[in-house]
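This report describes a single protein model, from its overall architecture to selected residues. Please consult the sequence and structure shown here alongside the text.

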Amino acid sequence: GVPIAVACDPLATPTALSWQGNHHRVDRIVERWRVDAGWWRRRTWREYFTLVTATGLLVTIYHDVRAGDWRLQRLYD
């Protein structure tokens, strides 16, 4: 994924994201899910969000819980 900056509410739900120098307010969360796998080796622990921004983007982003990083996984047409 591509690194992005994300602002969240107290429940760790994204409220805005910054990507390529542009700020996008989150309009709605379409889907939210967690992945916690590979605990027996290098653990993958992520929280994914498919969301729509006020600027009309439909994206999937994730928070790498172990590293603390946010990344843009997919931009839909």
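The sections below cover the basis of the model, its fold, its salt bridges and selected residues.

## Basis of the model

The model is predicted; local features require pLDDT of at least 70, side-chain atom pairs count only at pLDDT 80 or more, and totals for chains, interfaces and linings use all residues. Residues are numbered from 1 along each chain as its sequence is written, and side-chain values use heavy atoms, with hydrogens and water left out.

## Overall architecture

The protein contains six strands and zero helices, where helices (H or I, at least four residues) and strands (E, at least two) are DSSP runs numbered from the N terminus. Along the sequence the pattern reads β-β-β-β-β-β.

The radius of gyration is 12 Å, which agrees with the value near 11 Å for a compact globule of 77 residues. This radius is taken over C-alpha atoms, and the globule rule is 2.2 Å times the number of residues to the power 0.38. Along the principal axes, the C-alpha atoms fill a box of roughly 40 × 25 × 25 Å.

## Surface and contacts

Of the 77 residues, 34% are buried; buried means under 20% relative accessible area, exposed over 50%, and partly exposed in between (1.4 Å probe, protein chains only). The protein exposes about 5200 Å², of which carbon and sulfur atoms supply 49%. Accessible areas come from the Shrake-Rupley method with a 1.4 Å probe, and for residues only the protein chains shown count as cover.

Among contacts (heavy atoms within 4.5 Å) with a separation of 6 or more, 29% involve residues 24 or more positions apart.

## Salt bridges

Side chains of opposite charge can pair when their charged atoms come close. The structure holds three salt bridges, each defined as a side-chain nitrogen of Lys or Arg within 4 Å of a carboxyl oxygen of Asp or Glu. Glutamate 47 pairs with arginine 32 at 2.6 Å, N to O. Because glutamate 47 lies in strand S4 (residues 44-53) and arginine 32 in strand S3 (residues 22-37), this pair ties together parts that are 15 residues apart in sequence. Glutamate 47 also forms a salt bridge with arginine 34, at 3.3 Å, N to O. That pair again links strands S3 and S4, with the two residues 13 residues apart. Arg32, Arg34 and Glu47 are thus joined in a network of salt bridges.

Within this network, glutamate 47 is buried at 10% relative accessibility, arginine 32 is partly exposed at 36%, and arginine 34 is exposed at 64%. A further salt bridge connects arginine 71 and aspartate 69 at 3.9 Å, N to O. Arginine 71 is partly exposed at 24% relative accessibility, as is aspartate 69 at 33%.

## Threonine 60

Threonine 60 lies in strand S5 (residues 58-64) and is buried, with 4% relative accessibility. Its side chain makes a polar contact with that of tyrosine 76 at 3.2 Å. A polar contact is a pair of N or O atoms within 3.5 Å; within protein, one must be able to donate a hydrogen and the other to accept it, and residues adjacent in sequence count only if both atoms are side-chain atoms. Leaving aside residues up to four places away in sequence, the residues touched by threonine 60 include Trp33, Tyr48, Phe49 and Arg71.

## Positive phi angles

Alanine 12 is not a glycine, yet has a positive phi of about 65°. Alanine 12 sits in the loop between strand S1 (2-8) and strand S2 (14-19) and is partly exposed at 36% relative accessibility.

Glutamine 20, also not a glycine, has a positive phi of about 55°. Glutamine 20 occupies the loop between S2 and S3 and is exposed, at 63% relative accessibility.
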